[in-house]
Amino acid sequence: MIQSEKTGLFFRYFLLFVVFGIFPVSVIFTTATLVEELEKNKTEREIQKKHDEFLFRLKSFDDDNYQVKKALERAIEKINSSKNDESARSILNCLSREFPNYFDLYFFDSDNFLIEALSAKRKPRRIMEKTFEIFRERLDSESLTTLQTGILRTVFNSDNGIEATQFEGEIKVLSDRKWESGIYWKADRSPEKRRIKGIIALLHLGHFRKNRAVLTVIDCFNKKFGASGDFKFSLFLPTENNKLNPPFAIDQREAQMSILSALAGFESNFRTNLGIGTLLVRESSGYLIAFSRIKSQFSSFSKVFLKLFLIAWLLFVLRYISTINTGFSLRIPVKLNLLFLFAVGIPTLVLLIGGYYSLKDRENILLANLEQDVARKLNQLDQRSVEQLGFLQSYIDRMINESKTIHNLENRLKKLQKLQSEEILEPILVLAGDENFAWEYYSQKEASAVGKRQRKVLRLLILELKRRLFPLANNSEKGSAEAVLAENVFASMMGGRSSFNFMDATLNIGKFVSVGFGKAMTYFCIDLLTDPKGNLEHLIYLGTNPKKIQNRYLKNNINKFRANLELPLRVGVLSNKLTIIDEIFHPSEREVIKKTALEAASANRAITKIHFFPDGETLIVAFPGQKLSDYTLVAVLPLKFLRDRIKTQWLDLLIVGSMVFLTIFVIGRLLTRQFLTPIAEIQFGINEISHRNFDFELPIHAQDELGEVSALMNQVLGGMKDLQIAKVVQDSLFPQKNLSQKDYSIYGKSRAMTDIGGDYFDYYLLGKSKLLGIVGDVSGHGVSAALVMGMAKGAFSLEDAGKISLSEHLGKFNRLMLGSLNRKKMMTMFIFCLDLDENKLEFINAGHNYPFLFRAATGETKMIGKGGFPLGVRLKSEYFPEKINFEVGDKLLLYTDGFIESLKTDKTQIGFPEALEWFNDFAHQQCSSEEIVEKLFQKFDLAIGFSTPGDDVSLICLTRGKAEMV
């Protein structure tokens with residue numbers, strides 16, 4: 001049985017430790033770990049986004065030719081702003097140190113003369129001046145003379161030098177030679193007077209250090225962005241034994257293994273023990289790498305503090321469990337509120353943390369969806385631009401169909417001239433059947449842009465199309481010399497990179513055909529007008545270019561597009577020259593918008609960025625036009641509405657959490673008011689009763705069980721007030737002070753276990769020569785015992801008390817008890833009568849405790865008397881008196897059961913021997929009867945530890961005079 005109780009107690013304590021210790025510690029530790037992991041993931045996403053941005057910028061510089069070109073252009077600008085040749089040569093020396101043996105530079109003034117003080121000496125001065133003159137003339141000339149061609153072949157030792165004349169401001173590779181394998185030239189045609197008006201750079205590409213440009217830029221990036229240690233950039237070359245260059249931010253081998261593992265899994269990101277990295281494939285071999293260290297979201301101090309706190313909590317719970325049986329020091333309302341907060345607070349805290357990160361994820365999802373939605377809308381705006389060409393096609397079809405119904409040539413020509421109202425149709429050419437141009441139209445702007453050479457090509461083109469479409473019209477044959485010339489000239493105008501296909505033109509009569517014209521894309525439409533017999537009367541050529549179509553489309557639709565947007569978007573248009581066509585953007589925004597548009601145009605994909613403007617966080621989406629090829633569409637969207645929506649949802653979540661805590665508090669208060677407050681007041685009432693204070697009344701808060709208990713307690717208190725009165729009455733029945741007669745003194749004191757006791761004692765004089773004393777103990781406690789005690793007081797206080805013997809006294813009271821009480825009640829009694837003259841003590845013991853008698857003559861203390869039947873037991877009980885002499889110095893102690901039967905602090909009874917010893921100690925002292933009684937009560941209280949005695953306690957001491965102690 002005991003073992004089973006111990007097992008049950010162990011499991012109870014174990015469950016308490018799990019619920020209040022392990023569970024909250026696990027929840028808090030898991031939550032902290034989850035928060036750290038979520039914050040780490042968030043940081044990784046932000047870092048990866050920055051990696052992509054930086055690597056894209058880095059990739060834009062990953063071109064050796066581009067870097068050389070930019071270096072040369074910067075050098076020219078610096079030399080032009082220098083004050084003298086010495087400072088100019090210093091600039092060139094810096095350029096040579098940066099690019100050792102990479103090129104020979106030849107600078108020219110505005111008169112095409114070589115600036116010898118700054119130029120290289122490898123080529124003859126006159127030859128280089130003539131070469132630069134050819135380059136400048138080539139800008140305005142359609143062809144080269146035989147002499148010019150020969151000079152270029154001599155200078156560059158390659159036919160590619162002739163082709164290089166068409167690539168001003170660009171690096172042209174001539175051959176795979178080590179020396180003079182490339183060329184860069186530029187001529188300044190501005191009217192300003194400058195030191196340098198032109199340059200020819202002969203490049204020695206064979207001396208170019210491999211990956212020089214990207215390594216230089218990586219070094220610059222590391223100095224600029226890696227100074228704080230947040231970012232590091234590198235070049236990874238698998239073809240060179242997995243080389244990382246420059247030295248990486250972490251262990252080389254660890255980095256190599258992580259990168260190779262990511263490449264094997266076709267991943268663009270890799271991780272190491274210190275952080276994360278991102279890979280970007282180069283146009284040439286190798287990978288660009290960005291690496292960032294990931295710092296712990298919580299400091300070491302925070303982690304140690306959290307662990308110490310959790311350990312302290314576990315120890316606190318263990319201490320609480322160890323004291324659960326002896327009671328915890330907190331009050332019940334506090335315990336209850338803490339329990340509610342504990343039971344609901346931890347889940348609510350987890351809910352708030354989970355809700356916070358859910359809202360963060362939702363914010364990221366909403367932002368991603370928003371970016372996609374904006375890009376999709378811009379894409380729709382771009383794709384629908386093709387409708388403009390369809391509208392133009394419909395208009396032309398209507399005009400030409402109307403012209404076909406007019407057979408009067410003059411009226412037909414007037415009808416066709418109405419096409420001039422369509423501004424985007426330039427040029428418009430109408431060829432008569434006799435090979436003459438009946439009419440041609442160019443706008444003023446177009447006329448200045450379309451030179452004689454281009455007009456000639458157009459005429460040849462149309463004539464050849466006429467011959468191919470109607471070979472019998474002028475007895476011309478396919479493949480004539482004009483056709484060959486037209487195709488060759490057209491191909492020449494296309495830079496030799498494309499060719500015109502007559503078949504496409506002949507198969508798409510009446511429809512727009514796209515073709516490269518010069519360096520730009522153009523559209524042309526050819527249609528035929530015949531007479532009723534089928535003879536050709538007019539051939540119509542209509543030309544336009546995409547930019548004009550795009551301009552009209554944007555002009556007609558951009559405002560409609562904005563008006564129909566549901567989001568607070570500001571959509572604008574930038575040309576590929578980064579000119580803001582639309583003035584909708586604020587000047588403070590334009591620089592960022594231009595930069596984003598340049599990145600989008602370079603990457604030929606949509607670019608999204610979040611930028612912090614003075615007005616707040618703003619989303620920028622740049623979309624390079626696919627159909628609107630000359631423009632980049634840009635949308636700017638303030639994210640305040642999105643942030644406000646998330647803040648509102650977070651506020652709602654906080655309100656819900658606060659309402660949970662408020663509900664817990666209200667429930668705790670209600671429980672306190674409805675249950676704990678009445679219970680506490682009842683407890684207070686019980687405490688007041690224990691202190692014998694009955695002058696108050698418990699409030700009744702509600703008509704429920706606790707209200708009924710309070711009402712019952714009030715009834716009890718009312719009864720206790722009556723008991724208090726009864727106690728006062730009972731106390732008045734006892735002698736109120738000591739009695740002294742001659743050399744005798746007697747004093748008694750009673751202490752009831754409850755308010756009303758069953759002990760009775762009394763002493764009084766019978767005449768002048770006799771002293772009557774009584775000690776009685778009624779069985780039980782409370783009112784019934786007090787009533788019997790009152791009966792005894794009345795019975796022994798009658799006027800004839802001194803006229804009858806002690807035996808008659810007891811017999812008379814015995815019969816009274818048996819005849820008056822329906823319920824049997826027993827009472828022990830010790831009665832004595834002292835003859836003050838003869839010093840004789842006569843006494844009878846009716847079942848009472850034997851008194852202690854101290855003999856002064858011998859110094860001995862003993863118990864006296866014989867036992868008898870208690871009163872109220874037998875009707876015919878007989879009681880016989882005993883007599884002793886009471887000498888000077890003798891002392892007699894009468895007592896009740898409570899004095900000897902009460903338990904001491906060690907849970908043992910006081911008993912007769914110890915009580916006799918106490919009395920003996922005090923009897924040897926020269927103490928009065930009152931002093932002996934008080935000292936015995938002090939000894940008694942000390943023995944029982946001031947706890948409640950087991951029964952009523954009464955002490956009466958009779959002493960005679962004073963004598964020397966033996």
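# Briefing: a buried glycine, aromatic pairs and a helix contact

Gly-21 has a relative accessible area of 0% and is therefore buried. The model described here is a predicted one, and the points below begin with the surroundings of Gly-21 before turning to aromatic rings, to charges placed over rings and to a pair of packed helices. Across the structure there are 16 aromatic pairs, two of which are described in detail.

**Surroundings of Gly-21**

- Gly-21 belongs to helix α1, which covers residues 2-60.
- Although Gly-21 and Trp-313 stand 292 residues apart along the chain, their C-alpha atoms are separated by 7.0 Å.
- When residues up to four places away in sequence are not counted, Gly-21 touches Leu-16, Trp-313, Leu-314 and Val-317.

**Aromatic rings**

- Of the 16 aromatic pairs in the structure, one is formed by Phe-761 and Tyr-763, whose rings are stacked, with 6.2 Å from centre to centre and 25 degrees between the planes.
- Phe-761 and Tyr-763 are both buried.
- Another pair is made by Phe-852 and Phe-919, and because their planes stand at 35 degrees, with the ring centres 6.4 Å apart, this pair counts as tilted.
- The pair of Phe-852 and Phe-919 links distant parts of the chain, since Phe-852 lies in strand β25 (residues 852-855) and Phe-919 in helix α24 (residues 911-923), with their positions 67 residues apart in sequence.
- Phe-852 and Phe-919 are both buried, and ring pairs join these two with Tyr-895, Phe-899, Phe-912, Trp-918 and Phe-940 into a cluster.

**Charges over rings**

- Lys-749 is placed over the face of Phe-937, at 5.2 Å from the centre of the ring.
- Over the ring of Phe-869 sits the charged end of Arg-874, 4.6 Å from the ring centre.

**Packing of helices α11 and α12**

- Two packed helices are described by the angle between their axes and by the distance between those axes.
- Helix α11 (residues 386-404) packs with helix α12 (residues 409-417) at an angle of about 170 degrees, and their axes are 9 Å apart.
- Angles over 145 degrees count as roughly antiparallel, and α11 and α12 are therefore roughly antiparallel to each other.
- On the side of α11 the contact is made by Met-399, Glu-402, Ser-403 and Lys-404, while α12 contributes Arg-412, Lys-415 and Leu-416.
- Sorted by class, the residues in this contact of α11 with α12 are two nonpolar, one polar and four charged.

How values were computed:
Residues are numbered from 1 along each chain as its sequence is written. This is a predicted model: local features need pLDDT of at least 70, side-chain atom pairs count only at pLDDT 80 or more; totals for chains, interfaces and linings use all residues. Side-chain values use heavy atoms; hydrogens and water are left out. Rings of Phe, Tyr and Trp (its six-membered ring) pair if their centres lie within 6.5 Å; planes under 30 degrees apart count as stacked, over 60 as edge-to-face and the rest as tilted. Buried means under 20% relative accessible area, exposed over 50%, partly exposed in between (1.4 Å probe, protein chains only). Helices (H or I, at least four residues) and strands (E, at least two) are DSSP runs, numbered from the N terminus. A charge sits over a ring if NZ of Lys or CZ of Arg is within 6 Å of the ring centre and within 35 degrees of the ring normal. Axes are lines fitted to C-alpha atoms, for helices over the stretch in contact, and angles run from 0 to 180 degrees between N-to-C directions. Angles under 35 degrees count as roughly parallel, over 145 as roughly antiparallel, 65 to 115 as roughly perpendicular and the rest as oblique. Contact means heavy atoms within 4.5 Å. Ala, Val, Leu, Ile, Met, Phe, Trp, Tyr, Cys and Pro count as nonpolar, Asp, Glu, Lys and Arg as charged, and the others, Gly among them, as polar.
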